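Trainee: Could you take a close look at one helix for me, and then carry on to the charged pairs and the strands?

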Amino acid sequence: AEVAGLEAEALETLRCKLEELEEEVQKELCVTVAHAMSGTVICTTRLRPTDRVASLRDAVLQELGDTGVALRFILQSQILDHYLTLSEAGIADGEVVGLIQTPLRCCTTSFDESFASMAPAERGDPVLVATLSPDCRTVLTVSSHGAAKTWDVESGTQLCELSGQVATGEFSGHCGLVVGTTDDGAARVWCATTGVCLRTLFGHGDDVKRAAFSPDGQLIVTASSDSTACLWDSASGQRTRALVGHSDAVKFAAFSNSGNFVITASSDTTARTWAVHSGDCLQILKGHRKGLNLAAFSPDEQRALTGSLDGTVRLWDVTDGECTWVLPVDNNVVNSAMFSPNGRAVLIASASQSVRLFSVDTGQCTTTFAGHEDWARAAAFSPDGDLVATASYDGTVRVWSAMSGACVRIMSGHSDWVRAVAFSSDGSLVSSASYDGTARLWCALTGECLQTLMGQSAEKAASSSSSSGDGSFASELE
């Protein structure tokens, strides 16, 4: 950090954080795993704060053996991603973590009276991100183990793999760059064509949780556990502003549509709005009882929304900082929330089988998108606002009419939970990311799977089935 020319004050903060981390690493946490539904204790284990949530799986398997089910862990109504450390997941000493078990095996039977149980074939790491470039020619995927790759949309071939272990990523407005965070807590900029790291953004005193481009691609905003957000010149990688004011980790930061403002969401239970050109804090949005994990401006920049671990989404008037509506969330879990393209509605996916649309004028639910067979994990509007796409733990992607709430297409093919969904900028494609180790591209008009992105190449959708000569029937598992 000294060689990179880090400022003295930031360097001292970094030294202190490293000393604290070294002390923390020496500690062990006592964690109990219990069935999420019944509360029955399965096991108690001791782990370090730096161990990953996946370590809990090993403890459960030692107790239960291989039961042919997928193991998912839940804390405070939030599904925990396996790649997170216990500290990042908010697991403290003495914590009780819930376990959800999902079947992994299927059975086949035949007219010859034979019976067989079939386990799935080997597959890749869960895919957490699948996002399309603004020109709709490239897809970026990020897996739970840090593998970030770009793909050609038309052919489905892999273009490159980004260097390092990547945690999050998104394209610039001009498609040539990707900005994101890495597993070592840094923010970096990569070439989307070669995967080469072009710049590392030095200046934060702790892990960077999010990095995003401004709409014109000239600036980058980062959110960090050091309680600050920073603005950077994307061409040089130099820091232009430090947004100081939060008293706890900043979990999320995003630009407004014009690029003139930034909104930040923090574990200190507040959100703040900032002027980009001066770095001044314009409003402090207070009202949530627990930490925030998302925030966004409305398209006209007159309103903002925030999502919190207290199980609510709030709407705010950004001119005076007043909360206008508190929107209820199913089972107190905010999975995703976003404004409609015209800014008149808010779309919320939560811990239920339904996704709901709320009016920003009345705060009332106007449309319910019901039909998934398990919780909805994410939801997104088409660019024109006419359609809504949803991703669910039932393994499907669905497309709905935003006006009527009717399901117009069901996109089946994933063999595990679908974590993320998004439309392309022209509305013709839908991308999805799944725990089955694949990302998929779908035709928004027909629902046809166009590409399945996995490993080093594209594969056709694994929704086919085969019949054997003896009359037995088996479904192929990807």
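Mentor: Sure, let's start with helix α2, which covers residues 54-64; its buried residues are L56, A59 and V60. Keep in mind that this is a predicted model. If you look down the axis of α2, those buried residues fall within an arc of 95 degrees, so they line one face of the helix. The spacing behind that is textbook stuff: an α-helix has 3.6 residues a turn, so residues three or four places apart point the same way.

Now the charged pairs. Side chains of opposite charge can pair when their charged atoms come close. Here the count comes to five salt bridges, and I'll walk you through some of them.

Take D51 and R48: they form a salt bridge, with 3.3 Å between the closest N and O atoms. How buried or exposed are the two partners? D51 has 16% relative accessibility, and because the cut-off for buried is under 20%, it counts as buried. R48 sits at 39% relative accessibility and so counts as partly exposed.

Another pair is D184 with R188, where the closest N and O atoms are 3.4 Å apart. D184 has a relative accessible area of 54%, and since exposed means over 50%, D184 is exposed.

Then there's the salt bridge between the side chains of D330 and R356, at 3.1 Å from N to O. This pair links distant parts of the chain, 26 residues apart. D330 is in the loop between β27 (322-328) and β28 (334-339), while R356 belongs to strand β30, residues 354-359. With a relative accessible area of 25%, R356 is partly exposed.

That brings us to the sheet with β30 in it. It's an open sheet of four strands in the order β28-β29-β30-β31, and the pairing is antiparallel. Which strands are at the edges? They are β28 and β31 (365-370), each of which pairs on one side only. On average, neighbouring strands of this sheet are turned by 20 degrees against each other, ignoring direction.

Zoom in on the edge strand β28 and its partner β29, residues 345-350: the two run antiparallel and are joined by five bridges. If you want a concrete spot to click on, try F339, which stands opposite V346 in β29.

So, to retrace the route: α2 has its buried residues along one face, D51 pairs with R48, and D330 pairs with R356 across distant parts of the chain.

Methods
Residues numbered from 1 in each chain as written. Predicted model: local features only at pLDDT ≥ 70, side-chain atom pairs only at ≥ 80, totals over all residues. Heavy atoms only, no water. Buried < 20%, exposed > 50% of the residue type's maximum accessible area, 1.4 Å probe, protein only. Arc of directions from axis to C-beta. Salt bridge = Lys/Arg side-chain N within 4 Å of Asp/Glu carboxyl O. Pairing = 2+ DSSP bridges. Axes fitted to C-alpha atoms, helices over the stretch in contact; angles between N-to-C directions.
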